[in-house]
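Here are my notes on the model you sent. They are set out as numbered points, to be read with the structure open.

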Amino acid sequence: MSSKFLYLHGFASSPQSAKAAYLCDRFAQIGLSLCVPDLNQGDFSHLTITRQLHQVVTLLPPLPASVTVLGSSLGGLTAAWLGQNYQQIQRLVLLAPAFEFLTHWLPRLGTAQLQQWQTDRYLQTYHYGENCLLPLNYNFVLDATQYRETEISRPLPTLILHGIHDEVIPVQSSRNFARHRPWVHLIELDSDHALANLLPEIWDIIKAFCQLSGK
């Protein structure tokens with residue numbers, strides 16, 4: 001049975017992110033390919049979780065192929081929903097997944113800015129991959145409201161790595177997700193949302209969880 005590995009980058013990020021580049025290099029060193037699609041699709045302004053799901057589904061091989069999906073932040077949330085709905089996906093690795101993210105993100109905007117976003121339809125949002133502000137359509141929020149992780153129930157081997165100092169998505173969100181799902185293994189790390197200070201340790205954990213051999 002063939003295996004495929006996918007990595008889904010985070011919100012306002014890109015396939016050139018530090019984590020994506022690092023993991024691609026590590027996979028290559030053990031003779032494996034890590035597919036990293038560009039979830040921006042050249043049109044960040046009209047990004048939605050639904051669009052991400054539709055894009056990644058086109059990359060899934062037919063059964064009985066086995067796919068492991070790694071996802072960071074919003075890419076982690078997307079990965080979790082893919083695992084819920086597609087039997088090819090047999091394993092998940094979620095890095096600071098964006099569970100409950102609207103609960104954490106929208107209040108930081110403030111009521112006035114949120115109302116302005118609804119009125120104007122676009123919000124200037126900093127894109128780390130492009131190093132500039134880009135407009136994001138309010139449909140991003142409307143679409144996201146339908147993805148409630150409380151409905152994710154497929155018992156799929158799942159590893160979550162989450163920093164205890166995460167300033168974007170509190171680790172409590174991953175604790176809440178793991179609490180009543182015995183197939184989820186949560187490892188809390190001494191790091192923030194980027195997890196950048198622990199990449200070699202993270203690779204060792206991923207390699208063991210995915211039963212990868214090599215360096």
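**Notes on the predicted model**

1. S13 lies in the loop that links strand β1 to helix α1. The model is a predicted one. S13 counts as buried because its relative accessibility is 16%, and the cut-off for buried is under 20%. Leaving aside residues up to four places away in sequence, S13 is in contact with N40, H127 and G129.

2. Strand β1 spans residues 3–8 and pairs in the parallel sense with strand β3, residues 66–72, over 6 bridges. Within that pairing, L6 of β1 has V69 as its bridge partner in β3. β1 also pairs in the parallel sense with strand β2, residues 34–35, over 2 bridges. In β2, the bridge partner of L6 is C35. From β1 the chain passes through helix α1 (residues 18–29) to reach β2, a β-α-β crossover that is right-handed.

3. How many disulfides does the count come to? The count is 0. C24 has no bond to its closest cysteine, C35, because the two sulfurs are 8.7 Å apart, whereas a disulfide requires sulfur atoms within 2.5 Å. C24 counts as partly exposed because its relative accessibility is 27%. C132 is partly exposed too, with a relative accessible area of 30%.

4. Helix α4 covers residues 101–109, and its buried residues are F101, L102, H104, W105, L106 and L109. As background, residues three or four places apart in an α-helix point the same way, because there are 3.6 residues a turn. Just after α4, G110 adopts a positive phi of about 90°.

5. Which members of the largest nonpolar core touch the most other members? They are F101, W105 and W117, in a core of 45 residues. Helix α3 (residues 74–85) supplies the largest share of this core, with 6 residues. Another core lies apart from it and has 24 residues, including A20, F27, V36 and L198.

6. W117 deserves a separate look. Not counting residues up to four places away in sequence, W117 touches W105, L106 and L109, each of which is among the buried residues of α4. The other contacts of W117, on the same basis, are Y122, L123, L136, N137, Y138 and V141.

7. For checking on screen, two places are worth opening together. One is the loop between β1 and α1, where S13 lies, with the S13 contacts N40, H127 and G129 displayed. The other is W117 with W105, which it touches; both are among the residues with the most contacts to other members of the largest nonpolar core.

Methods. Residues are numbered from 1 along each chain as its sequence is written. This is a predicted model: local features need pLDDT of at least 70, side-chain atom pairs count only at pLDDT 80 or more; totals for chains, interfaces and linings use all residues. Side-chain values use heavy atoms; hydrogens and water are left out. Buried means under 20% relative accessible area, exposed over 50%, partly exposed in between (1.4 Å probe, protein chains only). Helices (H or I, at least four residues) and strands (E, at least two) are DSSP runs, numbered from the N terminus. A nonpolar core is a set of buried Ala, Val, Leu, Ile, Met, Phe, Trp, Tyr and Cys residues joined through side-chain atoms within 4.5 Å. Contact means heavy atoms within 4.5 Å. Two strands pair if DSSP finds at least two bridges between them. A crossover is right-handed if, with the strands pointing away from the viewer, the path from the first strand over the helix to the second runs clockwise.
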